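Welcome, and thank you for taking a look at this structure. Please keep the sequence and the 3D view open as you read.

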Amino acid sequence: MNDPADMIDAEGLIEALVEIVGPEWVLYDPEETRAYASDALSAYREIPRVVVLPNGEEEIVAIVNICQQRQIPIVPRGAGTGLSGGARPIREGVVLSLARMNRILALDPEAAIAILEPGVRNLAISEAASPHGLFYAPDPSSQIACTIGGNVNENAGGVHCLKYGLTLHNVLQVRGILSSGEVFECGGQTPDSPGLDLLPLLIGSEGMLMIVTEVTVRLLPRPTHAKVVMASFDSIETCAHAVAAIISSSLIPAGLEMMDQAATRAVEDYVHAGYDCEAAAILLVESDGSKTEVDEEIAEIKEILLLNGSRSLVVSETEEERQRIWSGRKNAFPAAGRVAPEYYCMDGTVPRRQMAPLLAHIAQLEKHYRLRCMNVFHAGDGNMHPLILFDGKIMGEWARAEAFGNAILEKCIELGGTVTGEHGVGVEKLDSLCLQFTDAEREVFHALKKVFDPLRILNPDKGIPSLRRCVEHGRKRVDAQKRLPTNLEHF
Amino acid sequence: MDGLVRDFTDRIREAEAGGGTLGIQGHGSRSFLCPSTAPILSTRHYQGVVTYEPEELFITVRAGTPLHELEDILDSKGQYLAFEPLRFGAGGTVGGMVAAGLSGPRRMRSGPIRDYILGIRILDGLGRELRFGGTVIKNVAGYDVSRLFGGSWGRLGLILDVTLKVLPKPRSSLTLVVDIEQEKALNWFKRARSQPWPLGASLFQGHTAGQLALRLEAGPEAVKEAFLAISKELPVKMMAPEEAEGLWRSLSTHRHAALQPDKEQAVPLWRFSLPPGVEPLAITGELLIEWHGGLRWWRGLLDPEALEALTHGHPGGVMPFDAHFASRNLSGQGTHQDKVRGRLDDGVLKVFDPFAVFSSG
């Protein structure tokens, strides 16, 4: 903003945006735009030049055309609950918030589909579908706030995706605006759509390929019954082994979550879920379906757990009890926020059999970086969420937390996994991606982006690291401290 | 196997340098849908399992592995390919299955083949070896390129090996049959979609009236429960297990009598991929309806006007199942957005195959 030319351009831009959406939906006063400075990964912040809140596809087309002419980057934003900085603004750019576009356009129980604007909240879909005996399956822990547009862009998961799949598996069609200002529809209500199947490219593309304006999802019959088993284990290894035993039986549990002792203790102090805090780890295994189906599965799950070293187990007998047991897992993140001023949530995924080795490695890293870490994870799919606890006000702690996180992700790659299971790359994991892919593979990613967004105005510099960045950062992996901006704000 | 990969790479580079083309082929069991005049690059000797870890629910196999061998290996561990791939007769390779992307009877319950692709290793049109995805179910690092290869008909590159998500086989299966009018059957599905029944597959065969078969798959108690619930709505009877297996097999192998070519091959077999809720089509003659209404097979002659009336606003999903099937499918012809779609598809093809080595199929 120091450059006067910037200021003039900014003025012209704001005027043009006001013309499209009206003055109340264009924010440029830093007092107002500050609220958009980060997503839920607040360590990465930038106050945007302007925030615009369109209401409708036509307004988005007009905004895209203006930005395209002026080569101004656009950062699309849903509810801002992302955990990788994908919605972090670009200083000279426009934040395009889809929050106002929150209508459910259609809900057809006979076809079991819903057509949604991008700003519809995840939970609102299931709430609307509920009277018809249907629900929308992906349930990221932020489901009360996060939006379907954001879910599509991150390929959001949740605790039930082992059985019901990720966003990708539950979205039939996506409509959006390309950076050319053209409308593009991908997928459809027909089981097969002609052309290349581009939908998997768009889902999880972190706002880098197009601006999503409409999403058609499939709805599933809502299970009439559900029960959860809580099992305690004396060691992480036994617990991980029990997970493998369940998976290699013929069962696909609706949920399969693991928490280590640091996590159960923090959570128990906070919500009193009734967890066994003496256990080295606990496992939550859920079955859902009809009553008969649930009873059949729960009996089998109990047997497997006891045969595989569970020292005690509890089965929820009432819905209230089930909710209480889950409340602990669902409140793991806020519980971490209570035991430390801040926490840094990782999202690596490893093959299930590597969970115990990874946890052992994390325990060593805790000593090395002199920071505590609690571990909660979606054990059913090997997706781990280590929560590194730190205090940003103490000099050097955030840098250590970041280096700790990077070390975990490197280990995930080494163990045959991936640096991000469901939170996305955003700005946070750009350097880790240098390790996961070769130059040629990253070239393919950049070339794909160019097909959809030749001007590179849609969320540029996120998601895929430039070749230069990998050369500069990728070779020396432990220079995280050097990358740390000195004036970093926290929460 | 490395020697074979080197051969593949050499042939691709040779073709690329000399402006030549290549047609990738496994067993050629699907080539009636995508005939090619290009020199053939055969993957049939590039076979075998790279990694199989049943408790991790994935298998990595080389593209030339016969599909039935893969299925036997999974079966020995009580697992299966949940999407019940469509194959043609006894042959067919894993690479061909992925490249064709054609799902079988369980499509509506399981989702399409691409949902089960976790990772892929390819040689692109420049002969570069590239890997995308991995072995884990959740993975959002980089764009989801591996799934793009499902239904790409070999145009994007040569699949070397693919990692597929596998699942435990259902513990029990029961097929129910009932004589019913087509309209009533289609209406019944509309209600069934919100019921928690483990409906693994369905088939209506007949004209305006015919027989509806429903396959229930879950634990034995849950199957029994669904059977009792459905019995209250439809006068269903149980089909003998061997007979049921034969019926579903005739669909997944495309050998059902109604799908066989006519003697003169003059009348095309039409494949209607439509929103499942579309009412009975205004056509006469025998029809097979799978996927709870989402897939309809019919043999007959249609003029363009009649065709348009039958597509119900979804022109892209209706086409003859013949030698032009793959190219028609890939061109995206008939969709409402030919221009944008065509530009993006072309762009994506060029990313992987800039010199059109594989573009002739």
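What follows is a guided walk through some of the helix pairs, charged pairs and single residues of this model.

Before setting out, please note that the model is predicted.

**Two helices packed in chain A**

Two packed helices are described by the angle between their axes and the distance between the axes. A good pair to begin with is helix H14 (residues 355–369) of chain A and helix H15 (residues 397–414) of chain A, whose axes lie 10 Å apart at an angle of about 155°. Because angles over 145 degrees count as roughly antiparallel, H14(A) is roughly antiparallel to H15(A). The crossing of H14(A) past H15(A) is right-handed.

Which residues bring H14(A) and H15(A) together? From H14(A) come Leu358(A), His361(A), Ile362(A), Leu365(A), Glu366(A) and Tyr369(A). From H15(A), they are met by Arg400(A), Ala403(A), Phe404(A), Ala407(A), Ile408(A), Lys411(A) and Cys412(A). In this contact of H14(A) with H15(A), nine residues are nonpolar, one is polar and three are charged.

**Charged pairs**

Side chains of opposite charge can pair when their charged atoms come close. Over all chains, a search of the whole structure finds 45 salt bridges. Here are three of them, with the N to O distance of each.

| Salt bridge | N to O distance |
|---|---|
| Arg175(A) and Glu57(A) | 2.7 Å |
| Arg175(A) and Glu185(A) | 2.6 Å |
| Lys291(A) and Asp295(A) | 2.8 Å |

Let us take Arg175(A) with Glu57(A), which meet in a salt bridge. Arg175(A) lies in strand S8 (residues 171–177) of chain A and Glu57(A) in helix H3 (residues 57–70) of chain A, so this pair ties together parts that are 118 residues apart in sequence. Arg175(A) also meets Glu185(A) in a salt bridge. That pair links strand S8 of chain A, where Arg175(A) sits, to strand S9 (residues 183–187) of chain A, where Glu185(A) is found 10 residues away. Glu185(A) has a relative accessibility of 28% and counts as partly exposed.

The salt bridge of Lys291(A) with Asp295(A) belongs to a single helix: the two residues are four residues apart in helix H11 (residues 291–307) of chain A, and are therefore separated by about one helical turn. Lys291(A) is partly exposed at 47% relative accessibility, and Asp295(A) is partly exposed at 30%. Both take part in a network of salt bridges that also links Lys227(A) and Glu317(A).

**From chain A to chain B**

Helix H11(A) also leads us to the other chain. Its axis and that of helix H6 (residues 220–231) of chain B come within 8 Å and cross at roughly 175°. That angle makes H11(A) roughly antiparallel to H6(B). On the H11(A) side, the contact is made by Lys291(A), Thr292(A), Glu293(A) and Glu296(A). On the H6(B) side, Pro220(B), Glu221(B), Ala222(B) and Glu225(B) take part. The residues of this contact divide into two nonpolar, one polar and five charged.

**Two stops on strand S12**

Strand S12 (residues 225–233) of chain A holds Ala226(A). Not counting residues up to four places away in sequence, Ala226(A) touches Glu286(A), Ser287(A), Asp288(A), Val294(A), Glu319(A) and Arg322(A).

Ser232(A) is in strand S12 of chain A too. Is Ser232(A) buried or exposed? Its relative accessibility is 4%, and because buried means under 20%, Ser232(A) counts as buried. Beyond its neighbours within four places in sequence, Ser232(A) has contacts that include Asp276(A), Ala279(A), Ile282(A), Gly309(A) and Arg311(A).

**Residues in loops and other segments**

Trp25(A) is placed in the loop between helix H1 (4–21) and strand S1 (26–27) of chain A. With a relative accessible area of 29%, Trp25(A) is partly exposed. Its C-alpha atom is separated by 5.8 Å from that of Val52(A), although the two are 27 residues apart along the chain. Leaving aside neighbours within four places in sequence, Trp25(A) is in contact with Val51(A), Val52(A), Leu53(A) and Arg100(A).

Two further residues are worth a glance for their backbone angles. Gln71(A) is not a glycine, yet has a positive phi of about 55°. Gln71(A) is found in the loop between H3 and strand S3 (74–77) of chain A, and is partly exposed at 48% relative accessibility. In chain B, Ala356(B) has a positive phi of about 55° and is not a glycine either. Ala356(B) is found in the segment after helix H10 (338–352) of chain B, and is partly exposed with a relative accessible area of 32%.

Technical notes:
Residues numbered from 1 in each chain as written. Chains lettered and ligands numbered in written order. Predicted model: local features only at pLDDT ≥ 70, side-chain atom pairs only at ≥ 80, totals over all residues. Heavy atoms only, no water. Buried < 20%, exposed > 50% of the residue type's maximum accessible area, 1.4 Å probe, protein only. Contact = heavy atoms within 4.5 Å. Axes fitted to C-alpha atoms, helices over the stretch in contact; angles between N-to-C directions. Parallel < 35°, antiparallel > 145°, perpendicular 65-115°, else oblique. Left-handed = near helix turned anticlockwise from the far one by under 90°. Nonpolar A, V, L, I, M, F, W, Y, C, P; charged D, E, K, R; others polar. Salt bridge = Lys/Arg side-chain N within 4 Å of Asp/Glu carboxyl O.
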